[in-house]
Each structure stands twice: as C-alpha cells, then as structure tokens.
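Work through the exercises below with the sequence and the model in view. Each task is followed by a solution in steps.

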Amino acid sequence: MAFTITQSLIPNYLVPMAAISTPQTRIIETIENPAARSEWMQAWRRFRANGLAVVGLAVVILLVLVAIFADVLAPYDPSFQFRSMQGAAPSADHWLGSDYNGRDLLSRVLVGTRTALLVGLGATFFQVVIGVLIGAIAGYFGGWTDTICSRIIDTLMSIPVLALLTLLAAVLRDKNLSSLLLIVLVIGFTGWARFARVVRADVLSLRSRDFVIAARSSGVQPMRIIIRHILPNVLGPIIVLASLGIGGIIILESALSFLGLGVRPPTPSWGVILSDGRQYITTYPHIVIWPGLMIVITVLAFNFVGDGVRDALDPKQRAE
Amino acid sequence: MLLYIVRRLLQGLLIVFLVSVITFVIMRLLPGDPVQLLLGDGRIKMTDELRAAIHRKWGFDKPYHEQYLIWLSSLLRGDFGESLVRRGVPVRDMILEAAPVTAFLNIISLILAAAIAIPAGILAGVKRNSLFDYVTALFSTAGVSIPAFWIALMAIIFFSVYLRWVPPYGLKTWKGYVLPIAVLTFEQMALLARVMRGATIETLTQDYVRTARAKGLGERIVVVRHAVRNALLPVVTVLGLQIATILSGTIVIETIFALPGIGRLFIDSLGRLDYQVVQSLVVVLSALVVLANLITDLLYAIVDPRVRVE
C-alpha cells in the first residue's frame, strides 16, 4: 500500500530510471526509435552493436550448451582408463590424445566445462548476494553498522586471495561436502567484498535522494526501501562487476584445483587435468595444452561479454 | 597530514589484528592433528603420555583464547615462534630465508612490467586505434585472460623441454629465474598497460592540454610534460592495489617452478599443518598489503597536490 502512494507522489522525471545512462543518449535514441524507451532495451541495442561482445556471448552460450550436454558429447567415460593408451598422442579415436592414466582427454576437457561454469556462475551468485546485502545495509544505515561492515570489507581485501582460499579449502576439505560445492561456497564467501564496496558507495549517495526520502517519510520499512527503491538503481554496476568477475573466478578455481586444493578427482576440472599433466610435462607435453586453451577461451569469452555489458550499461564508463 | 597517517596506521593495525584472529580460528579448524602428522601418520608408535607431553610443550592443551593471546603477544614482540615440522627452527628465520627469493622475483618483474607497460600504454593512448594500439590491447587482454600457471607450463614446454635454454624448475643457476620473471612480468603488464592507456586518453581531452597545444607547444612536449604526468596517477593506485594480487600470483608461480620463496613455504607448510608458519605468513602478508596501500595513498597525495588528505 505504502509503495503505491510513494509512486504516485513522485513525478516520473524525479525517479531516476537509472544513474547509468546520459540524458543525451536517452533523448537521441528515443527520437530515433520511439519503441526503445526502456533502459534495458537501449542497453541491449548498444550491446548488440559491439562485435566482440556478441562473439563472446555466442561462445558463452556454446559453452553452456557443452556443459549441459557434456555427457552426450563426450565420446568416452571421462574416468575410464584405456589400457596401453597412457599418454597417447592425438589420434582418430582419441582426438586430443590420452592423459597419463590412459583416460580420453577430449571427454575430460568437455566434462571439465561443466565444473568451470558451475563454479564461475555459482560463486558469482553467492558473491553478489552477500556483497549486495552487506553493502546495502552498510550504506543505508551508516553509523556503527557501516563502520563494522567497512572494516570487515577492508580486512577481506587485505588478505591475499589465494592465501585465504587455500586456507579455507584446506579446513573444509575433509567435511562431507562435494568438493565442487565447497569451492563454490569458499570463493563465494571470500570474494564478496568488491561488490559490497561498490554497492555501499552507491547506496550512500542514493539514500539522501528525494525519492528515498519520500519513501521513508511515507513510512516504508527500511528493508523494503532498500529492495524496492534503492537496489534497482545499483543494478547496473552490479551486473557489470559480476560479468567482469566470472572469468577471474574460473581462473581462481583452476589455480586452486591445480594446487590440489580445489575440485578433487574424480570430478574432471581443467585445473586438475593441468596438474595431472604437469607431472609428465617433459614426456607428454600435449596433456597440458587443451585444458589451458579451454580456460583461455572461456575466460576471454566472459571478459568480452563483461566489457560489452559495461559499455552498454555505462556509456560514460563511470564504474572502473 | 600527521594525524591522517596516525589514523590510517591505527586502522591498518585493526585490520591486521582481525586478520590474525581469522587466521587463528581457521588454523584451529584444520582437520588432522599436527603431532600425528609429524610422526608419519601413526607409523611411529607413541604412548598417550608422550603425545600429551608434546601437546603440552606446544601449548595445544591450553584453551584456544589462551593459545591466541600467547601467540599475539609473541607476535607483538616480533617473535613468530618455532616451526612445528622443522623442529627448533624459528619461523622468522624461515620467512627471512624465503623472502629474498619472492622479493627479487616480484620487484624485478614489477620494474620490467612498468618499464614496458607504461610507455606502451601512453603510446597506445596517444595513437588511439592505430595498429600499435590494437597490438597492445591484444597483449593486455591476453595477460588478463590467460592464467599465469598455464603460461608457465607452456613456457616450460617451449623453452625448457623443446629448446632446452633454461631449466624447467629450481634455482641451481641464475637461469632458473628467467621463466618465472618472464611469466610474472607478462601478467603484471596487462592491467598496467590498460590503465595507462585509459588515463592517457582521458588527460589528452583536458582543457590544460588544449591550452598547451594552443600556445604552440610541440605534441611531444604536450604529451610528456602535461598529459603523462597526470595520467600516471591512476597507475600509482593500481600498483598499490595490485600488491595483494601479486602475492597470490607468487604462490602459484613458485609452486610450478619449485622456487624456495614465500609462496612455496606457504603451500608446503599448509600441507604439513605447520600452524606456526602458516598463521605467521598470512599475518605478515596482510600487514604488507595494508602498508602498501597506505604508502600508495600517501604517495598519491604527494604526487598530486590537488588530492588533499582529509
């Protein structure tokens, strides 16, 4: 009820559709194409005009499909050890060759896509949820709440990521959790500080804006103000930060698995394949080429999409 | 200014304190009994009294908060305790032994990266959309998107296995430093070049640059004297923020190339449940990051008089 009153009280032009578009571009685009009034439609049009971003998106969609249908696409069982195929070079039957245990590399790399994407997207989800929640609370309430939250954010950002991750992974590895879920949680719970910092700063500047004051004075509950009125306005920067972060998380996961602290066998992960292959790098160098190449392609694709999203949502490049 | 430094230092101390608490808690949650592991996972028979005696010697029998306070007070005195695994060796000596390797690796690669990336970024910004700009963009995108450990593996295959120029791991000769430094340089260059390019483009559109051009200064002087000076500021910030990332990168690189540095010490000690070493390292590294951030901010205020320290 309170919500409807607030909305009708404020003239439309006072409600910032989003702080993410310059007035000029909005006017021009509205004149050119009156149908594209929505902010998101305009952003999508800008995204579509970016060649690299579209290619990136296509690759990401392809990778998602590979991840979903990995079992069907993989020619063999990724953990089946073929006799006398140890370290075999690529052949007609095994396109990418075999690893030291005689397992088909192509199947392992394909199924590894699933691990990488699950960790990349899952961990990002947790980071966003925690970061946005803590950042919004810190920014909106201010005072002591803000001080405590900010100190926690600073602390988290001062520990070298990999040190914290390896520590946590080492602590939790013997618990009865699947190593995949564990890695998602560990990366999710250590990496939210970036989101919290950005959201806090934005909320801090938004909370004294007219539409928030109007909502507050008409008796809307704080949590409702944060969720219904403030968060929609910080959605842009969050999406940009999240899409630019996925690639980094995929690299982190493979680094952790490479160090033996991430996803554990038998789950195929690109980092695990790399670390297996590393031990025989002088005799069978072909093993480490493909999983690494897949990491590079995936990370590049997500980074291109992230750059595209940033340019589309933020023509002035306000966020870093 | 002095007040600001004092306040920042106090804030930094608080952060390091919180880090020490977090680390201590995490370390105590680690599964496995270090004494058990020390004795070869039960291969050496040991009476319960003996085990209790060892626990008592290391203070494991005391309540956790007491263990923490003992550790904290010795930390404040600069005493990191003794390694559990290498009996009798002070942790401080182990850190001091490993630190030069890590410091050498990172300082050299950071200098190299800055020496290459800063001019490249400026040139790319000045000659926007030129071939050189695209090549720089290609390299910096590659640097961000290719994991360091994979570049390292590829470099080992090509330069060590195939060409046999440098050893694949270890530090028997100076050649052992070549690949790790090259890989770290490549990683650090990427972001620096990108930020430098962006900052150059930004400053070149400023009024004072137009003024400099209008008074008839040569383009070279405009860029070098007027634009670059200001464009360097964001780079200083990025460098400061990079310190934490750089330390993370060291862990992987030192593991791959088997270099006896801080990162290797960290991973090895973690595997051996060497509590004392791991918790000291995390605290020391975080203190380093906090200090680096403070120095960056101060440097920023000194370089740019417009930035007033509150």
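A residue is buried if 20 or more other C-beta atoms lie within 10 Å of its own, exposed if 12 or fewer, and partly exposed in between, with C-beta atoms placed from the backbone. This is a predicted model, in which local features need pLDDT of at least 70 and side-chain atom pairs count only at pLDDT 80 or more, while totals for chains, interfaces and linings use all residues. Residues are numbered from 1 along each chain as its sequence is written, and chains are lettered from A and ligands numbered from 1 in the order in which they are written.

**Exercise 1. Two loop residues**

Task: decide whether A:Arg207 is buried or exposed, and do likewise for A:Ser178.

Solution.
- Step 1: locate A:Arg207, which sits in the loop between α10 (193–206) and α11 (210–217) of chain A. Helices (H or I, at least four residues) and strands (E, at least two) are DSSP runs, numbered from the N terminus.
- Step 2: count neighbours. A:Arg207 has 20 C-beta neighbours inside 10 Å and therefore counts as buried.
- Step 3: look for partners distant in sequence. A:Tyr140 is 67 residues away from A:Arg207 along the chain, yet their C-alpha atoms are separated by 6.4 Å.
- Step 4: list the contacts (C-beta atoms, placed from the backbone, within 7 Å). Apart from neighbours within four places in sequence, A:Arg207 is in contact with A:Gly139, A:Tyr140 and A:Val212.
- Step 5: turn to A:Ser178, in the loop between α8 and α9 (179–190) of chain A. A:Ser178 counts as exposed because it has 11 C-beta neighbours inside 10 Å.
- Step 6: A:Val263 lies 85 residues from A:Ser178 in sequence, and 8.5 Å from it in space, C-alpha to C-alpha.

**Exercise 2. The make-up of each chain**

Task: state how many helices and strands chain A has, and give the count for chain B.

Solution.
- Step 1: chain A has 14 helices and zero strands.
- Step 2: chain B has twelve helices and zero strands.
- Step 3: add burial. Of the 320 residues in chain A, 47% are buried; for the 310 residues of chain B the share is 37%.
- Step 4: check how the contacts are spread. In chain A, 72% of the contacts between residues at least 6 apart in sequence join residues at least 24 apart. In chain B, residues 24 or more positions apart make 73% of the contacts with a separation of 6 or more.
- Step 5: the C-alpha trace of chain B spans about 85 × 60 × 25 Å along its principal axes.

**Exercise 3. Two helices of chain A**

Task: find how many residues of α6(A) are buried, and which residues of α13(A) are.

Solution.
- Step 1: α6 (residues 105–141) of chain A has 37 residues and reaches 53 Å from its first C-alpha to its last, close to the 54 Å expected at 1.5 Å a residue. The expected span is 1.5 Å times one less than the number of residues.
- Step 2: in α6(A), 27 of the 37 residues are buried.
- Step 3: A:Gly142 follows α6(A) and has a positive phi, near 60°.
- Step 4: α13(A) has eight of its nine residues buried. They are A:Trp270, A:Gly271, A:Val272, A:Ile273, A:Leu274, A:Ser275, A:Asp276 and A:Gly277.
- Step 5: these buried residues pack against α6, α12 and α14 of chain A, together with α7 (148–162) of chain B.

**Exercise 4. A helix pair in chain B**

Task: describe how α5(B) and α11(B) cross.

Solution.
- Step 1: the axes of α5 (residues 91–126) and α11 (residues 262–271) of chain B come within 7 Å and cross at roughly 135°. Axes are lines fitted to C-alpha atoms, for helices over the stretch in contact, and angles run from 0 to 180 degrees between N-to-C directions.
- Step 2: angles under 35 degrees count as roughly parallel, over 145 as roughly antiparallel, 65 to 115 as roughly perpendicular and the rest as oblique. α5(B) and α11(B) are therefore oblique to each other.
- Step 3: B:Met94, B:Ala98, B:Ala99 and B:Thr102 of α5(B) meet B:Ile262, B:Gly263 and B:Leu265 of α11(B).

**Exercise 5. Where the chains meet**

Task: say how many residues each chain brings to the contact.

Solution.
- Step 1: chain A gives 33 residues and chain B gives 33 residues.
- Step 2: on the side of chain A that touches chain B, the largest share, eight residues, comes from α8(A).

Methods. Contact = placed C-beta atoms within 7 Å.
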